[in-house]
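Here is a short briefing for a first look at this structure. Keep the sequence and the 3D view side by side as you read.

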Amino acid sequence: MATSVQENLIKKNQEYASSFKEGDLALPPAKKYAVVTCMDARIHPPAAFGIALGDAHVIRNAGGSAREALRSLVISEQLLGTKEIVLIKHTGCGMLTFGNKDAHAVVKQALGAEAEKELEGLDFLPFGDLEQGVRDDVEFLRTSKVIPSGVAISGWVYEVETGKVREVK
């Protein structure tokens, strides 16, 4: 039996597919860039960042982590020809609210010692300062041996309260 989320997916997809006309877009992104941003449901990358279907790769994870996105960025750059990375973290991010020990303790309490053991050594990649987190991730990408030196990399903060972005230098 389908859940209400699954039923909504089916219904909304049927509506979307009934007028879909973008099936001939090329595999590589047309504007040759990748966006790394948070999975936070308050961020709508196409609307907030002006990304049309087919323009860019949008890589989302908890905290908009460059380290977690690295595999996808290598594929984007090396196999699909992107030449720029835009990293966007945001105000009010949950990753600002806990440390690794806290996350491991929550897993252990909620799911038990076996589950916690499965995550042993996992870095949840929290950060305590938003702008420094952006700078650290940009620096990580700039010094990574798997991101070519000619790739343009910039760091930004999206303000969930206003919808505005600001560059972090």
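Cys 38 is buried, at 5% relative accessible area. The model is a predicted one. The points below start with the cysteines, go on to the sheet and end with two loop residues.

**Cysteines**
- Cys 93 is buried too, with a relative accessibility of 3%.
- How many disulfides does the whole structure hold? A search finds zero.
- Cys 38 takes part in no disulfide. Its nearest cysteine sulfur belongs to Cys 93, 4.1 Å away.
- Cys 93 is likewise in no disulfide, and the nearest cysteine sulfur to it is that of Cys 38.
- A disulfide needs two cysteine sulfur atoms within 2.5 Å, so a pair 4.1 Å apart does not count.

**The sheet**
- Five strands form an open sheet. Their order is 2-1-3-4-5, and the pairing is mixed.
- Which strands stand at the edges? They are strand 2 (56-61) and strand 5 (165-168).
- Each edge strand has a single partner strand, so one side of it is left without a neighbour in the sheet.
- From one strand to the next, the twist averages 25 degrees.
- In general, strands of a sheet pair through backbone hydrogen bonds, in parallel or antiparallel fashion.
- Strand 4 (residues 152-158) and strand 5 run antiparallel. Four bridges join them.
- Val 157 has Arg 166, in strand 5, as its bridge partner.

**A helix on the sheet**
- Helix 3 (residues 66-79) packs on the sheet.
- Helix 3 touches strand 1 (33-38), strand 2 and strand 3 (84-90).
- The direction of helix 3 makes about 160 degrees with that of strand 2.

**Two loop residues with positive phi**
- Lys 32 lies in the loop between helix 1 (4-18) and strand 1.
- The phi of Lys 32 is near 55 degrees, a positive value in a residue other than glycine.
- Is Lys 32 buried, exposed or partly exposed? Lys 32 counts as partly exposed, at 41% relative accessibility.
- Where does Leu 125 lie? Leu 125 is in the loop between helix 5 (113-118) and helix 6 (130-143).
- Leu 125 is not a glycine, and its phi is positive, near 60 degrees.

Technical notes: Residues numbered from 1 in each chain as written. Predicted model: local features only at pLDDT ≥ 70, side-chain atom pairs only at ≥ 80, totals over all residues. Heavy atoms only, no water. Buried < 20%, exposed > 50% of the residue type's maximum accessible area, 1.4 Å probe, protein only. Pairing = 2+ DSSP bridges. Axes fitted to C-alpha atoms, helices over the stretch in contact; angles between N-to-C directions. Contact = heavy atoms within 4.5 Å.
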